Amino acid sequence: MSTGAGGALPPLAVYMHLPWCLQRCGYCDFNAHALRGELPAWAYQAALARELRRQAPAALGRRVCSVFIGGGTPSLFPPAVIGELLGDLDAVLGLEPGAEITLEANPGASETARLRGFRGAGVTRLSLGVQSLDDTLLARLGRIHDAAAAREAVAEARTAGFTGVNVDLMYGLPGQEVAGAEADVAAAIELGVDHLSHYQLTIEPDTPFGRRPPPGLPGEETLLAMEAACRQRLAAAGLERYEVSAFARAGQRSAHNLGYWTFGDYLGLGAGAAGKLTGLDGRVRRTRQRRSPQRWMGVAGSDQAEVESIELTPGEQAFEVLLNGLRLLEGIPEDLLQARSGCDRQALRAWLAPLYERGWLISEKGRIRASAVGYEMLDTLLLELLPGPPAATGGRPSAKGDNALN
Ligand SMILES: C[S@@+](CC[C@H](N)C(=O)[O-])C[C@H]1O[C@@H](n2cnc3c(N)ncnc32)[C@H](O)[C@@H]1O
Ligand code: SF4
């Protein structure tokens, strides 16, 4: 299938957001809501099915390469509901054989029987929100589980038959020293994880941590030392860094996240979910769904489910391709930048030339990537690229998606 711009359509993925947690964590600004009363699992599944049918016509004829079921705490949902969601997706759009299907699970809400059920329902990869393996730090973060429960969850994932297991860890935690961050990574390695997402704790403004920052947050120098020590340990254990925060064993990179980083398409289903889709005419739209779970369920399947739909200009597309693609250590093919943006090759080269001259970008074997210096200061590098290639920029504002990455 080809676009009006003459290039092939990007691969299609689906992100589904399941927005409830047992309780909210003080640092988190995701669209997650403390569960009060019973989980409306089947009502939410029915709403997702309605919304899938509303969005599907724009993607008909394209099979789904990967699915990410994120939250919130999707592992609170009964496996039968997850099975129904995936069956529906297969019936409406079709899942590619061997499609990667990831589900986010929390230690403390993911016992073996349930994990087996998810595996049986078609989930291929589990992403466990471990955060730390230090009980004191877990308590400071307000997590509902301790380190033993996190260890148990990884073991249970194996017993349930998952071969692709990701663990999320955060560093820069209140009161954490370099040795503590290193010990967390060492403990995760010990658990034999296939993939590790290593995030620096961000203090988000509209959260309890933002309003009242916890004491003992590490300074810049300590954070840099933590990163260096942890990366060294991960590399030595065979977990290769392939993106700013992502480390994987051979063959275990996240196909879904690689889709985001190479500016692939994805339908966003569920409360607050973001989507991005290329039309047959080559125009790219970013969409966002209504945030409140109750309100979203009430309007899912109608135009009111969508609160934002923004068409990107070619210049914005070019910027976003690099915003995502330069997160990858190996960068992206130059052809991909042209194909995904529809911009003229010469205009793109002229736009990037100052950064090649400064030594922040490298062009090698048909790929563009950040140099070691450029990678260390990626945010500054990207600011230099705003607002996009001069000949191709337009006046429309761009939207940033924040669907879970791990
Ligand atoms: C969408 S959350 C959901 C994961 C799951 N509910 C959990 O908490 O175990 C995905 C990941 O984002 C990371 N995260 C959430 N808030 C963060 C923050 N303020 N700073 C850095 N990482 C954060 C955590 O590592 C978390 O596992
Ligand atoms: S960090 Fe995870 S468990 Fe905690 S509130 Fe956010 S989504 Fe829920």
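**Figure 1. Surroundings of Val67 in the nonpolar core.** Leaving aside residues up to four places away in sequence, Val67 touches Ala13, Val14, Met16, Leu89, Ala99 and Ile101. The structure shown here and in the following views is a predicted model. Val67 belongs to the largest nonpolar core, which comprises 81 residues. Together with Val14 and Ile82, Val67 is among the residues with the most contacts inside this core. The greatest contribution to the core comes from strand 1 (residues 12–18), which supplies six residues.

**Figure 2. The second nonpolar core.** Separate from the core of the preceding view is a second one, made up of 20 residues. Among its members are Phe319, Leu352, Leu361 and Leu381.

**Figure 3. The hairpin of strands 16 and 17.** Strand 16 (residues 361–364) pairs with strand 17 (residues 367–370) in the antiparallel sense, and four bridges join the two. Within this pairing, Ile362 stands opposite Arg369 of strand 17. Two residues lie between the strands of the hairpin. In the turn, Lys365 has a positive phi of about 50°.

**Figure 4. The shell around ligand 1.** Ligand 1 is surrounded by 18 residues, of which Asn106, Gly129, Asp168, Tyr199 and Thr202 are the closest. Strand 4 (64–71), strand 6 (125–131) and strand 7 (164–171) are the elements that each give two or more residues to this shell. By class, the shell around ligand 1 contains seven nonpolar, eight polar and three charged residues.

**Figure 5. The shell around ligand 2.** The residues surrounding ligand 2 include three cysteines, Cys21, Cys25 and Cys28. Arg24, Phe30, Ala32, Gly71, Gly72, Thr73, Asn106 and Gly129 also surround this ligand. The shell around ligand 2 divides into five nonpolar, five polar and one charged residues. Asn106 and Gly129 appear in this shell and are also among the closest residues to ligand 1.

**Figure 6. The chain as the setting of the close-up views.** The secondary structure of the chain consists of 15 helices and 17 strands. Along the principal axes, the C-alpha atoms fill a box of roughly 55 × 50 × 40 Å. The radius of gyration of the chain is 21 Å, which agrees with the value near 22 Å for a compact globule of 406 residues. Of these 406 residues, 46% are buried. Among the contacts in the chain with a separation of 6 or more, 74% are between residues 24 or more positions apart.

Technical notes. Residues numbered from 1 in each chain as written. Chains lettered and ligands numbered in written order. Predicted model: local features only at pLDDT ≥ 70, side-chain atom pairs only at ≥ 80, totals over all residues. Near = placed C-beta within 6 Å. Nonpolar A, V, L, I, M, F, W, Y, C, P; charged D, E, K, R; others polar. Rg over C-alpha atoms; globule rule 2.2 N^0.38 Å. Buried ≥ 20, exposed ≤ 12 C-beta atoms within 10 Å, placed from the backbone. Contact = placed C-beta atoms within 7 Å. Pairing = 2+ DSSP bridges. Core = buried A, V, L, I, M, F, W, Y, C linked by C-beta atoms within 7 Å.
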